[in-house]
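Colleague: Could you take a close look at the inside of this one for me, and show how the pieces around it fit in? I'm new to this, so please go slowly.

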Amino acid sequence: MSVLPPVGRLRWTDVPAPLRARLETALGAPVTNVSTPAGGFGHQLAAALTLADGRRFFVKAAPSGDPLTTANLHEGAVLDALPPGAPAPDLVGIHHGAGWTAVVIAHLDGPHPDLAPDSSDPDQIWGLLDKLTSSPAPTAYTEAVATTPSGAAGLHGWDHLLADPPGDLEPDVRNRLRELAALEAAWPALAHGDHIVHGDLRADNMVREDSRGVTFVDWAHATTGPACIDAVSLAPQLILAGHSPQTIARLLDEHPATATAPLAATAFLAALTGHWHRNSRQPAPPGAPGLRTYQHRAATAGMALLAHRVN
Ligand SMILES: Nc1ncnc2c1ncn2[C@@H]1O[C@H](COP(=O)(O)OP(=O)(O)OP(=O)(O)O)[C@@H](O)[C@H]1O
Ligand SMILES: [Mg+2]
């Protein structure tokens with residue numbers, strides 16, 4: 001039986017039969033069940049396959065002209081190059097067929113972590129981030145990401161909003177447009193560094209297993225950069241999960257990844273919030289129905305945090 005994916009996601013049966021057959025041969029048994037976890041906004045196949053012998057694998061697949069195929073190949077290279085002990089699943093293999101590419105990843109069994117204030121998951125996640133960013137990225141990883149431009153470094157939005165302020169901008173945001181655009185403009189020069197950056201840390205890009213706790217998944221945006229990127233990205237997610245902006249602002253003030261580079265952290269938070277603010281006003285892209293609503297909420301959380309950092 002197959003569980004239908006969320007609206008917009010490709011299904012296992014959308015994958016051309018020759019590639020499905022190739023995967024079953026490579027994995028050593030027929031696929032008997034396919035389930036698509038909730039989470040994410042992508043349109044590609046991203047599903048857990050159960051084989052006739054009970055083993056499970058996670059597979060991401062898209063046609064070769066699809067930008068997500070490039071992203072999936074990047075993720076495969078990153079998973080292969082992350083240092084031992086990194087909070088990431090193992091790469092199992094990469095397969096091509098009928099103009100499609102599938103990246104097969106070790107399956108993690110569990111829900112997304114709970115980022116709410118009464119959960120112990122946020123502490124564990126901060127601990128994983130500390131470990132990931134406490135030393136420079138190893139050479140194999142740096143080489144794996146070298147040819148892919150950093151998505152985080154290119155984030156912006158306030159420049160557009162300043163040039164053409166939308167009528168629905170809240171007065172406190174409108175009054176600060178110039179200041180926010182200036183902060184964001186400082187970001188590209190500060191965006192370089194030699195740390196591992198996941199680049200898209202949200203609860204739905206993490207899985208919590210009973211046996212080994214939280215693991216980060218969806219390494220498609222991984223890059224190198226300053227240690228602050230993932231910590232700053234995580235902060236608005238915690239506000240969305242119910243933490244007060246004040247608590248999270250204090251946490252960023254004290255956390256080594258952000259305390260050691262406060263200007264970079266604030267500039268990145270401004271760029272990320274500007275990106276959310278601008279993009280939440282764009283028409284919804286096909287196959288990603290919840291994206292604009294999420295960006296709107298995230299922009300509000302980012303602004304709440306910025307208010308603490310720029311005052
Ligand atoms: N190795 C894994 N084992 C089990 N579940 C996983 C694994 N990797 C990802 N998932 C689950 O599948 C969902 C989609 O995977 P992933 O985020 O990698 O795909 P995506 O299409 O790149 O997502 P996005 O839309 O966020 O870009 C995740 O939210 C997570 O719940
Ligand atoms: Mg994802």
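Modeller: Sure, let's start with the labels: helices (H or I, at least four residues) and strands (E, at least two) are DSSP runs, numbered from the N terminus. Keep in mind that we're looking at a predicted model.

With those labels you can already place a residue. Asp 218 is in the loop between strand S8 (213-216) and strand S9 (223-225). Its phi is near 60°, which is a positive value in a residue other than glycine. Ala 98 is another case: phi is positive there too, about 50°, although Ala 98 is not a glycine. You'll find Ala 98 in the loop that joins strand S4 (91-97) to strand S5 (100-106). Ala 98 counts as exposed because its relative accessibility is 52% and the exposed class is anything over 50%.

Now for the inside. The largest nonpolar core has 73 residues, and the members that touch the most others are Leu 82, Tyr 141, Trp 158, Phe 216 and Trp 219. Helix H11 (residues 262-279) is the top contributor to this core, giving nine residues. At least three core residues come from each of domain 1 (12-106) and domain 2 (121-310).

Let's zoom in on Tyr 141. Once you set aside neighbours within four places in sequence, Tyr 141 is in contact with Val 78, Ala 81, Leu 82, Ile 196, Val 197, Ala 222, Thr 223 and Thr 224. There's also a second, separate core of 18 residues, including Val 34, Ala 47, Ala 61 and Trp 100.

What about the two domains themselves? The domain assignment splits the chain into domain 1 (12-106) and domain 2 (121-310). Their centres, taken over C-alpha atoms, are 27 Å apart. Across the boundary, 20 residues of domain 1 are in contact with 26 residues of domain 2. Thr 70, in helix H2 (residues 67-81), gives you a long-range pair to look at. The C-alpha atoms of Thr 70 and Ala 220 are separated by 8.9 Å, even though their positions lie 150 residues apart along the chain. Thr 70 is exposed, since its relative accessible area is 55%.

Next, try Ala 152, in the loop between helix H4 (139-145) and helix H5 (158-163). Ala 152 counts as buried because its relative accessibility is 10%, and buried means under 20%. Leaving out residues up to four places away in sequence, Ala 152 touches Trp 187, Ile 229 and Phe 268. Thr 293 is 141 residues from Ala 152 along the chain, and their C-alpha atoms are 21 Å apart.

Gly 193 is a case in the middle. This glycine lies in the loop between helix H7 (177-190) and strand S6 (195-197). With a relative accessibility of 33%, Gly 193 counts as partly exposed. Beyond residues up to four places away in sequence, Gly 193 touches Thr 224, Gly 225 and Pro 226. Remember Thr 224? It's also on the contact list of Tyr 141. Gly 193 and Ala 137 are 56 residues apart in sequence, with 9.5 Å from C-alpha to C-alpha.

Let's finish with a helix pair. Two packed helices are described by the angle between their axes and the distance between those axes. For helix H8 (residues 228-240) and helix H12 (residues 291-310), the angle is about 105° and the axes are 9 Å apart. H8 and H12 are therefore roughly perpendicular to each other, as 65 to 115 degrees is the range for that word. From H8 come Ala 235, Pro 236, Gln 237, Ile 239 and Leu 240, which meet Tyr 294, Arg 297, Ala 298, Ala 301, Gly 302 and Leu 305 in H12. By class, the contact of H8 with H12 has eight nonpolar, two polar and one charged residues.

For contrast, look at Pro 171, in helix H6 (residues 171-175). Pro 171 counts as exposed because its relative accessibility is 59%. Pro 171 and Arg 212 are 41 residues apart in sequence and 46 Å apart in space, C-alpha to C-alpha.

Conventions:
Residues are numbered from 1 along each chain as its sequence is written. Chains are lettered from A and ligands numbered from 1 in the order in which they are written. This is a predicted model: local features need pLDDT of at least 70, side-chain atom pairs count only at pLDDT 80 or more; totals for chains, interfaces and linings use all residues. Side-chain values use heavy atoms; hydrogens and water are left out. Axes are lines fitted to C-alpha atoms, for helices over the stretch in contact, and angles run from 0 to 180 degrees between N-to-C directions. Angles under 35 degrees count as roughly parallel, over 145 as roughly antiparallel, 65 to 115 as roughly perpendicular and the rest as oblique. Contact means heavy atoms within 4.5 Å. Ala, Val, Leu, Ile, Met, Phe, Trp, Tyr, Cys and Pro count as nonpolar, Asp, Glu, Lys and Arg as charged, and the others, Gly among them, as polar. A nonpolar core is a set of buried Ala, Val, Leu, Ile, Met, Phe, Trp, Tyr and Cys residues joined through side-chain atoms within 4.5 Å. Buried means under 20% relative accessible area, exposed over 50%, partly exposed in between (1.4 Å probe, protein chains only). Domain bounds come from an automatic or database domain assignment.
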